[in-house]
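I set aside some time for this one and wanted to go through helix packing and internal cavities. My notes are below.

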Amino acid sequence: MNSDIDVFLSYARKADEDIAPALQQGLARLAKPWNRPRALRVFRDRTDLSAAHDLTAEIEDALRRSRYFVLLASPQAAQSQWVGKEIEYWKEHKSPETLLIALTHGEIVWRDDDFDWTETTSLPRSLSGYFDAEPIWEDFRFATDADRRSLRHAGFRSAVASLAARPRGVPKEQLDSADVRLHRAAVRLRRAAVSGLAVLLVLALVAGAGFLVQRNDARQQRDVAQEQNRIASARLMSARADNLMATDVRGALLLAVAGYRTDPSSQALSTLLRANLAAPALRGYLKADAAVTGVETSRDGRTVLAKLADNRVVRWTEGEQTLSTLATLDGPARSISMNADATVIAMTDRSRVTLWRSGTGTVTLELPDGSAAGAITTASVSPSGKTVVAALSSGDCAVFDASTAALRTIHHAPSDFGQTIATSDDEIFRYDSTYGKGERRNLHDWSVTAAFRLSFGNHELGSDPTGDAAYLGATNGNPSIPVWPTSADRPDGDSGLTVEVPRLYRASPTVLSEDGTTMAVAQDGDIYIAPVAPRGTPRPDPVVLSGGGTISSTGLLRFLGPEKRGLVSAYDDLIAIWNLDQIDRLARSASLPITDSCGGCAAPSISVAPNAETAVIGGADLLRGTSTVSGTLVEPLRDIEGPRHAVMNLEGIPVWSSPTEALLISTDDPQAWSTLPEHLEIVQIAEHPATARIRSDGKTVATVDGYGRLHVYEIATGKPLPGRDSAEPPFDRNARIGQSAIDVDGRLAAVLVGNHGVVVLDVESGRRVGEVRGDDIATIAYAGSRLLIERANGSLEIWKPDASEMQAATAADRGYPLNPYSSRLSGADDGSLIARVRKDGSIVLADAASGITLAHIPAVNPGEIGKTGVGLSPDGGYLVTVTEGAHEKAGKLVERAIDPTALIRTACDAAAGDLSPDEWKRIIGIPRPASAGCPAAS
């Protein structure tokens, strides 16, 4: 079906003749790239149907071609028979989630599982019971005049973004912010053009007079115009990358790289971060030199084969970065097959079978003249790799010995089934996916050992059978997809096994896992992965993979590996590799012996070495057999080979005396531990520290204890400096003390004091130098020379280090935990970045200067974990999170390299190379700056 219209507007003309064209224009223009005529294609009927008895051919054709239906809801629309006919057509042919509502007059009230029809006046009763959940609807009743029906009006723009989000496939917030960014970019481009013209005009007017002065002025204005154009181009690249993240991850990654390399702004960094986090299960792409027409995977999950439109068969093996050519056939590859470990591969182009064997290369399997009839339709290798079966269009099957390439026998059959699978060295399975019939035959005596017919309908699209041909499925677009065991004949088509994909609305490519327990379904650029289960059995929602491109046929989708956690999909000249166990492309993870045995305690504290090769984790309950004990954990990072060290009963605050050497500031006696981890040394002091920092002299360390008292100790001896062994704080000694923090130079200390607020002390003198009052302060930290204060309502304030002036603040957000002892806020020592942990364990990265969010990282297994602590390397380039295991289970460490160089490298590696000139032109269209691409590999 040709779906070249994005949105069909349905409305009552008398009620909405003013807002309908404004909404059409808003949907078409919101966040529209400058090089495209419209963001969405919107159909709005301008004819008068009052004399018609049925939908006109034009209206019905537009409905058929549209992806989404937007109803302008009003009492008049509820009574309009023509609006009703359009709704009835949509209900019959499309799915409920594609019907969106814009309320223009009257009332809409949703209660429980349907509209409250005693109060709802703006919808036809034909929608009663139509929606399983409350549909997307937006209130436009405020848009009563022209000024309020413009994208320049924030309320109208926000409402349009809500409706456009589903058809565009991106969150509303991205559309709204992208529209603002694109508008600003366009303004800057216009200004740059005007500036350029002004330069030319000035040159023309003053030619010959004061040439040198005017030339310098012109050059300066030219440079300003070029700089403005560079910034505007970079912002346009970032905005376009934002728009692509839900549908084309590769394009988003490469445009994000281009935007950052053109102008390394915080906005471009945000886009680069989020592009690397988009489609987290996507490992990356393999780029072919021609269109991919089919893929196959080995049972061990280590090899992918692909047929290309230029007659080549290419291979990828786990650990490789690119595809390699296996063979070039005389014609288009009809089928490809391999044994379990891909050491034997058979390929056919209908005229001959080419056999590849590891260590010996390729050989052609010969059929004696006149021995068999018809073109070769399938070449199949048995799992052992000992047998190759070539199926011909006549129904004949030739059986070869794979080790010698010799013909064993030819079996004759009356007809070809379309697909033939060598399930073993003794049996084949033949299957016709058009009619749903199949059979098993013994390869030795050619007897039929099983046969079935599933009575497919005319619109049934069959899946390929599993590798052992034990199961197969088929769909006609029904969200409930049947799966059949092939062991028995089921002429009624009822297997009792189904896959449930609620959003399915047409026959789509499907593939079953090797064991037949899981199915992947591709539709509209998304892949749904769902379990096979008896009809009526409760089951989890499908896993949805987005952003890998539109898959056009079943042959372009395969599971990878026996665990059903890998997947391969292909479109155009790209092959996408997916891993459902992957947290995201930036993340490396490791299990930790840390559990959540204290619900009211703080999350683990994390201190990352300056070289980001080690993390010291404190405040943790360590698993020891069936019990837990507090202690300190030293963990290697960056895949560095080295042992993990768990030091039981050792507590303290780690500080780094060098890029690799950590000092643990503690009241514990070093002599109590005969062995300590390499690069860790205990500095014993008198008072238990709540926080510590090495001072700028490198010889002393400043601490704040649990009573808010300041101490300064010599690192070499652990002795307090003269006169500094009992510095009493300048506040009530009985006050409840929460968190404390020391700035990067060890010059200032901030202490959270009861209901009073934050008191900032000078470390040298112990005097109070500033304060921030408030009984609602939850968490404090320093990011370099910036004081961070998180309030109970989730707002974040950024102050000068002495609390003399607030420099930025974010809005309230109740998603952050209220815990004055929490370690869920971390700032980079260079003042570049802030990491915050939300209640659900997800991480928010923010710019330390403004507090503006750069990226949101979802939690690992939310609901199944304990508390999460977060730490940043001093330069902000490495992020480490530690999550406690729930119910005395092991926890998890996740590390991510997030410096721009690592982000660019990760993006370019995943994208398998840069955008071609044609891709660049198609995706964004503006001239390509020289630096707007992936850097050359070093």
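These entries go through three helix pairs and then the cavities.

Entry 1, a reminder to myself. I am working from a predicted model, so everything below is computed from that.

Entry 2, α2 and α6. I began with helix α2, residues 19-29, and looked at how it sits on helix α6, residues 154-168. I got an angle of about 70° for this pair, with the axes 10 Å apart. Angles of 65 to 115 degrees count as roughly perpendicular, and α2 and α6 are therefore roughly perpendicular to each other. I noted the crossing of α2 and α6 down as right-handed. Which residues meet here? From α2 I listed Ala-22, Leu-23, Gly-26 and Leu-27, and across from them in α6 I found Phe-156, Val-160, Leu-163 and Ala-164. Sorting the residues of this α2 and α6 contact by class, I had seven nonpolar, one polar and no charged.

Entry 3, α3 and α5. Next I went to helix α3, residues 57-65, which packs with helix α5, residues 81-93. The angle is about 40° and the axes are 10 Å apart. I have α3 passing α5 in a right-handed crossing. In α3 I picked out Ile-59, Glu-60, Leu-63 and Arg-64, which meet Glu-86, Tyr-89 and Trp-90 in α5. How many residues of the contact of α3 with α5 are charged? I made it three charged, with four nonpolar and no polar.

Entry 4, α10 and α11. I then jumped along the chain, from helix α10 at residues 266-277 to helix α11 at residues 900-911. Their axes come within 10 Å and cross at roughly 45°. That makes α10 oblique to α11. I wrote this crossing of α10 past α11 down as left-handed. On the α10 side I have Leu-269, Leu-272, Leu-273 and Asn-276, and they meet Pro-900, Leu-903, Ile-904, Thr-906 and Ala-907 of α11. I split the residues of the α10 and α11 contact into seven nonpolar, two polar and no charged.

Entry 5, cavities. How many cavities of 30 Å³ or more does the structure hold? I found three. The largest cavity has about 80 Å³ of space in it. I got 13 residues lining the largest cavity, and the closest to its centre are Gly-841, Ile-843, Val-860, Thr-881 and Thr-883.

Entry 6, what lines the largest cavity. I checked which strands supply the lining: β61 (865-872), β62 (878-885) and β63 (891-897) each give at least two residues. Which of them has the largest share? I put down β63, with three residues. By class, I divided the lining of the largest cavity into seven nonpolar, four polar and two charged residues.

Notes:
Residues numbered from 1 in each chain as written. Predicted model: local features only at pLDDT ≥ 70, side-chain atom pairs only at ≥ 80, totals over all residues. Heavy atoms only, no water. Axes fitted to C-alpha atoms, helices over the stretch in contact; angles between N-to-C directions. Parallel < 35°, antiparallel > 145°, perpendicular 65-115°, else oblique. Left-handed = near helix turned anticlockwise from the far one by under 90°. Contact = heavy atoms within 4.5 Å. Nonpolar A, V, L, I, M, F, W, Y, C, P; charged D, E, K, R; others polar. 1 Å grid on protein atoms, 1.4 Å probe; cavity = no way out; pocket = protein on both sides within 12 Å on 5 of 7 lines; lining within 4 Å. Points joined across faces, edges and corners; volume = space filled by probe spheres on them.
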